[in-house]
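Dear colleague,

Please find below the structure that I am handing over to you. My notes on its side-chain contacts follow after it.

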Amino acid sequence: MLESCQNAQERWGGVHLLIDRWLQERADLVKAYAAIDDAGDISALQKFCEILVDYVSAGHFEVYEQLTNEAEAFGDHRGLELARQIYPRIEAITEAALSFNDRCDTGDCRDSASLGEALKRLGQMLHERFELEDCLIEVLHNAHKQQATAAAL
């Protein structure tokens, strides 16, 4: 997972400060996920949950909105259609992530056996989400970069 985060930063780093910050937060999320041990270290789990909530919130309330606005500004119908196809799955993963956080807030994650399985499922969903987000960023960025370059000429 960490390697895919680094690859995304290399491809899109510097494109937009918002995306840069979000991709850095993604890398922080992956590191926090990896820092949780099977013993159920509560402080590591709390840190992970904090970053998780920040990451999914930034996606929904900042990054996706910005990408959609850019697609609309450039008349990017392909990008908008892709967003309509991808967002429902991203939203489902967001709900699962927030549910995980809520369970941890109430102390339901303290059982190490159930925590390990829940973390594994969440990790798989986050990996899927990262791939969907990367696809969306790549399609929107590439289309807009080409249009912006053509407009400048």
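**Salt bridges, cysteines and aromatic rings**

The side chains of arginine 26 and aspartate 134 meet in a salt bridge, with 2.8 Å from N to O. This contact links distant parts of the chain, since arginine 26 belongs to helix α2 and aspartate 134 to helix α5, 108 residues apart. Please keep in mind throughout that the model is predicted.

Arginine 26 also forms a salt bridge with glutamate 133, and here the closest N and O atoms are 3.0 Å apart. Again the pair links distant parts of the chain: glutamate 133 is in helix α5 (residues 112-152) and arginine 26 in helix α2, 107 residues apart.

Are these charged residues buried or exposed? Arginine 26 is buried, with a relative accessible area of 0%. Glutamate 133 is buried as well, at 1%. Aspartate 134, at 8% relative accessibility, also counts as buried, because the limit for that word is under 20%. Through salt bridges that share partners, Arg26, Arg129, Glu133 and Asp134 are joined into one network.

Arginine 26 has a further contact, this time with an aromatic ring. It lies over the face of tryptophan 22, at 5.9 Å from the ring centre.

In the whole structure, the search finds seven salt bridges. One of them pairs arginine 21 with glutamate 62, where the closest N and O atoms are 2.4 Å apart. Arginine 21 lies in helix α2 (residues 17-35) and glutamate 62 in helix α3 (residues 42-73), so this pair ties together parts that are 41 residues apart in sequence. Arginine 21 counts as partly exposed, at 48% relative accessibility. Glutamate 62 is likewise partly exposed, with a relative accessible area of 33%.

I turn next to the cysteines. How many disulfides does the structure hold? The number is zero. Cysteine 49, for example, is in no disulfide: the nearest cysteine sulfur belongs to cysteine 104 and is 4.1 Å away. A disulfide would require the two sulfur atoms to be within 2.5 Å. Cysteine 49 is buried, with a relative accessible area of 5%, whereas cysteine 135 counts as partly exposed, at 32% relative accessibility.

The aromatic rings come last. A pair of aromatic rings is described by the distance of the centres and the angle of the planes. The count comes to six aromatic pairs. Among them are the rings of phenylalanine 48 and phenylalanine 100, whose centres are 6.2 Å apart and whose planes stand at 80°, so the pair is edge-to-face. Phenylalanine 48 lies in helix α3 and phenylalanine 100 in helix α4 (residues 77-105), so the two rings tie together parts that are 52 residues apart in sequence. Both phenylalanine 48 and phenylalanine 100 are buried.

One aromatic cluster is formed by Trp22, Tyr55, Tyr64, Tyr87 and Phe130. Tryptophan 22 has appeared above already, as the ring whose face lies under arginine 26.

When you open the structure, I suggest starting from arginine 26. From there you can look at its salt bridges with aspartate 134 and glutamate 133, and then at the ring of tryptophan 22.

With kind regards

Note on methods: Residues numbered from 1 in each chain as written. Predicted model: local features only at pLDDT ≥ 70, side-chain atom pairs only at ≥ 80, totals over all residues. Heavy atoms only, no water. Salt bridge = Lys/Arg side-chain N within 4 Å of Asp/Glu carboxyl O. Helix = DSSP H or I, 4+ residues; strand = E, 2+ residues; numbered from the N terminus. Buried < 20%, exposed > 50% of the residue type's maximum accessible area, 1.4 Å probe, protein only. Phe/Tyr/Trp six-rings, centres within 6.5 Å; stacked < 30°, edge-to-face > 60°. Lys NZ or Arg CZ within 6 Å of the ring centre and 35° of its normal.
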